[in-house]
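Hi,

Here is the structure I promised to send over. Have a look at it first, and then read on for what turned up.

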Amino acid sequence: MRFQLAALSLRRHASRTLLAVLGVAVSAAMLLDMVMLATGMRQSFASLLGRNGFTIRVSPRGTLPFDTEAMIGQAHQATDAIRRIAGVTAVAPVLGTTIHVLGGRGPATAFALGVDPAVQGDYQLLEGQNPAANALVASDALLRATGARMGDTLDVAVGFDPQLRTFTGRRRVIVAGRARFTYLSADDRAAALPLASVQAMGGAGRSDRVSLFMVRTAPNVDPEATRVAIERVLPRVTALSTAGAIAEAERRLSYFRQLAFILGAVSLIVGFLLVTTIVTVSVNERIGEIAIMRAIGVSRIHVVHQIVIEGVGLSLAGAAAGLLLGVFTARWLNSILRGFPGLPDAIDFFLFQPNSAFRALALLVASGIAAGIYPAWRAASLPISATLREEAVG
Amino acid sequence: MLAPLVMALALTPDALCAQRIDSIPPWRVAVRTVAIDERLAVDAGLRVGDMVVLAAEPGRASGDTVRISAIVRRRADPSEVARSEYRIRMHLGGLQDLIGYGDRVDRYAIATAGGVAADSALRRINALAFGFHAYPSREIAVETSKTFVVVSRFHRAIGMITIVASATFLLCIMLLKVDERRRDVAAMRLMGISRATVVRAVMLESSFVALLGSLFGVGLGFVVSAFVNAHYQGVYRTPLRFAIITPGTVTYSVLLSLVLGIGAGALAARRLSRTPPLTLFGR
């Protein structure tokens, strides 16, 4: 009965109800998008870093991995020192550099990683095999840029001497595999070679040096404790656990998180105000009707229920429409932000997580309930005879 | 010894691209000098005149003892906003010695008379210098501003959604506001006032409400933008302004609000004026 009366009341002003539902839907969509933005980046980044089981990144002191061109010297010694720490199961040294692939089309510049193929976590092999000495695996973008195919030989250099006008650190390498690089975008030209090759090509400046270590710890070991142990053993490095890296990324991208919070809060307030206004006006229009219901014995709580149901109905319909609209707009917004140069393929800014999404929509519906309570209680508390007389006289 | 790793830029003193906020007179300078970032000075508790040791790598025993001759403040550069590293400006030779870079530089910035002179200089450098490539500044600006193009597109998209949300809200409110006047409209119609006059009166009222609302919104916008700027300038330690209200923004939002308000008012007024007065009275 209460539901029927509430539905009839909403249907009586179909255009107004439709507009209110549309307003709540847009607010819900915005709220949902902002929740997806606030939680999506963190989840997406955590999942990216957690791939391959590496829990700690070790970079030169005071830097983040690949944030500067600084390197860690005496890499062999450092590798052994990290390996000796309890709980460490694998250490993957990585040396980053720029290479020039020489050939008919002119030099193609690419980002190269020197890795230990046995423990690396920087790429997934799509075709072929891991690089041995004088071999590399390349990204599709690099293969496209050079026109090379699997098994081809490339002339690669790591530098250029302007005085002698010659490329330095030159070496002929075979394309042994095609790979997708985890931390790079699909458009990045990238290659991975054995660490020893990159160090040798770089000459004295890169001898026994690495850009970072990726460290894998045993499942039952607290990465934070291992991180502290690494910094104690090697005072010239900064060790960053996955949690620390996420915190740092969040700090750098705090603008988006705060924007999400502010816009999410505004959406919630707009939705609340809209439902409050609609229900209040609807109640004011039906003062006489409500007074008659009360006069014929309908309880106060019944009246309150009916009006609150109207508010909930508006919020629920709006939230359902907002869910669809929100998922659609999130895809659109995500496609815009995916345009950031150099963004790894695996990073999504908007990630639909059912728990967070439904919690946000439940909050909107709860605000709809709150929005209906005050006007409902006010209407149900009006003096019956005075209201009837006023309504009759007009 | 400086604990944090410092990213050093080698520049001649005249080319310091930051604002000098404190310095010592040149005649008092005897040892090699550097200029440091204001944020490094604050975080490390350094002052002009302090002696520090610079090393190319953390933990290296040997280093270069220098005197801080100036503390500089970074200019508002959006490309640096999320970067938190410290910066030291050194003489070119000092940095080359410190990092064992030899007689090499990463790049040159070349000033020209502009226009044709820049184009011809570019052509001549690229023709002469094997192994180098000269780029016009605008090309570099386009390349380095890709991030901001994306952010700008994102802001526009968010703005569009916000406009749809606020337009719906405004339409709803205006319709309800006009609907509340049903008895007044009925009375006016019964007194013999024409439909057109009633519609005009209601539209005038709704446009007045929309104008008042948008003016209040503009005021709120100024307050919020001041808060946003103060907050993010503190978070990112930059003089950059994050929210700017331009006359164009104000005009656009006021016009949009007026159009929506008047449109909603017209819609509701037409509906009311076509309803028989007694029906509006509920009879």
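**What turned up in chain A and at its partner**

In chain A, 82% of the contacts with a separation of 6 or more are between residues 24 or more positions apart. Keep in mind as you read that this is a predicted model.

Some basics on chain A: there are 12 helices and 12 strands in the chain. Its radius of gyration comes out at 31 Å, while the globule rule gives 21 Å for 394 residues, so chain A is more spread out than a compact globule. If you want the dimensions, the C-alpha trace of chain A spans about 105 × 50 × 35 Å along its principal axes. As for burial, 44% of the 394 residues of chain A count as buried.

Next, a helix pair you may want to pull up. Two packed helices are described by the angle between their axes and the distance between the axes. For helix 2 (residues 14-50) and helix 10 (residues 300-337) of chain A, the angle is about 45 degrees and the axes are 6 Å apart. Angles from 35 up to 65 degrees are neither roughly parallel nor roughly perpendicular, which means helix 2 of chain A is oblique to helix 10 of chain A. The crossing of helix 2 of chain A past helix 10 of chain A is right-handed. Sorted by type, the residues in this contact between helix 2 and helix 10 of chain A are 17 nonpolar, 6 polar and 1 charged.

One residue to click on is A:Gly326, which sits in helix 10 of chain A. Is A:Gly326 buried or exposed? It has 28 C-beta neighbours inside 10 Å, and a residue needs 20 or more to be buried, so A:Gly326 counts as buried. Apart from neighbours within four places in sequence, A:Gly326 is in contact with A:Ala28, A:Ala29, A:Leu32 and A:Asp33. On the other hand, the C-alpha atoms of A:Gly326 and A:Ile174 are separated by 48 Å, with the two positions 152 residues apart along the chain.

Finally, the interface. Here 37 residues of chain A are in contact with 31 residues of chain B. On the chain B side, the elements giving two or more residues are helix 5 (146-179) and helix 7 (195-236) of chain B. Which of them gives the largest share? That is helix 5 of chain B, with 17 residues. By type, the chain B side that touches chain A has 23 nonpolar, 4 polar and 4 charged residues.

Cheers

Definitions and conventions
Residues are numbered from 1 along each chain as its sequence is written. Chains are lettered from A and ligands numbered from 1 in the order in which they are written. This is a predicted model: local features need pLDDT of at least 70, side-chain atom pairs count only at pLDDT 80 or more; totals for chains, interfaces and linings use all residues. Helices (H or I, at least four residues) and strands (E, at least two) are DSSP runs, numbered from the N terminus. The radius of gyration is taken over C-alpha atoms; the globule rule is 2.2 Å times the number of residues to the power 0.38. A residue is buried if 20 or more other C-beta atoms lie within 10 Å of its own, exposed if 12 or fewer, and partly exposed in between; C-beta atoms are placed from the backbone. Two residues are in contact if their C-beta atoms, placed from the backbone, lie within 7 Å. Axes are lines fitted to C-alpha atoms, for helices over the stretch in contact, and angles run from 0 to 180 degrees between N-to-C directions. Angles under 35 degrees count as roughly parallel, over 145 as roughly antiparallel, 65 to 115 as roughly perpendicular and the rest as oblique. A crossing is left-handed if the near helix is turned anticlockwise from the far one by less than a right angle, and right-handed if clockwise. Ala, Val, Leu, Ile, Met, Phe, Trp, Tyr, Cys and Pro count as nonpolar, Asp, Glu, Lys and Arg as charged, and the others, Gly among them, as polar.
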